[in-house]
Amino acid sequence: MIFCARLLLLLLAVSAGAANAAADDELLKTRPFPDVPGPAPARPREELPVKKKSPPVAPSPGAAASQKGEPGMMGLPWPKTPEETAKTLDNLYAFLATESDHRQGGEIGAAIERLWRLEGGDTVNLLIDRGEIFSSRNENEKAMPFLDAAVELAPEYAEAWSHRAYVEYRLNNYTAALGDLRRALAIEPNHFRALDGMAKILVLMGEKKAALEVYNQLLKVHPNIEGAETARDKLKKEIQGQGI
């Protein structure tokens with residue numbers, strides 16, 4: 001009952017700010033965890049332009065030979081049901097793991113992030129969006145009630161846990177952030193944003209060997225994710241230098 005009342009108040013706040021939310025669409029995209037918590041970047045991650053090329057061979061026999069339609073979808077149609085979404089994600093994960101072109105890999109990753117959002121619901125995604133807007137303005141304490149509500153409303157939705165972990169990380173609550181990232185990865189083991197965040201937090205906590213393992217897993221899922229290979233190689237040298 002208390003949660004329902006709190007959720008109603010949050011939704012009323014969301015409705016009151018709906019007119020301004022449209023102007024912040026660019027802020028609602030999933031953002032990578034910064035290397036060090038701090039003020040939000042001045043602008044969000046940019047969408048990569050469309051680039052047509054022949055995709056690598058993936059387990060989907062129905063995939064088109066050339067990319068058409070939405071960037072990063074590799075010729076696959078936009079899914080219309082949860083079952084189609086799951087199948088499309090499986091195919092895109094296969095493309096992502098074998099893509100050798102950095103730009104194309106970025107487009108596939110962005111398409112996967114858009115598909116993740118289909119697994120939530122309008123109410124939960126609206127709560128996440130409002131929380132992310134506050135976070136982008138460095139008002140992370142104000143973001144938390146929205147993300148707490150999203151997690152309570154959809155505990156099986158990996159994006160809710162991942163987005164709350166991002167804000168907890170920004171608040172330097174590393175233990176809480178790690179807990180939420182583990183929940184996200186239990187639901188979606190290929191969630192590369194959660195893997196990226198976990199690796200960075202483990203580095204900051206001094207758990208370098210564990211961080212290296214996570215980076216290795218991350219690069220198996222998304223070989224072209226921004227900065228991961230450099231961070232992994234640097235970490236490997238540090239560990240070897242310590243004789244671990």
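Select helix 3 (residues 82–98) and helix 4 (residues 102–116), where helices are DSSP runs of H or I with at least four residues, numbered from the N terminus. In this predicted model the two pack at an angle of about 160 degrees, with axes 10 Å apart. Axes are lines fitted to C-alpha atoms over the stretch in contact, and angles run from 0 to 180 degrees between N-to-C directions. Helix 3 is therefore roughly antiparallel to helix 4 (angles over 145 degrees count as such).

Now show the side chains between them. From helix 3, pick T85, T88, L89, L92, Y93, F95 and L96; they meet G105, I108, G109, A111, I112, L115 and W116 of helix 4. Contact means heavy atoms within 4.5 Å. Colour this contact by class: ten residues are nonpolar, four polar and none charged. Ala, Val, Leu, Ile, Met, Phe, Trp, Tyr, Cys and Pro count as nonpolar, Asp, Glu, Lys and Arg as charged, and the others, Gly among them, as polar.

Next stop: the largest pocket. Centre on D35, K200, V203, Y215 and A231, which lie nearest its centre among 14 lining residues. Then select helix 9 (192–204) and helix 11 (228–241), the elements that each give two or more residues to the lining. Helix 11 gives the most, with five. Colour the lining by class too: seven nonpolar, one polar and six charged.

Residues are numbered from 1 along each chain as its sequence is written. Local features need pLDDT of at least 70 and side-chain atom pairs pLDDT 80 or more, while totals for chains, interfaces and linings use all residues; side-chain values use heavy atoms, without hydrogens or water.

Notes
Angles under 35 degrees count as roughly parallel, over 145 as roughly antiparallel, 65 to 115 as roughly perpendicular and the rest as oblique. On a 1 Å grid over the protein atoms alone, a cavity is a set of points where a 1.4 Å probe fits but cannot get out, and a pocket is an open set with protein on both sides within 12 Å along at least five of seven lines; lining residues have an atom within 4 Å of a point.
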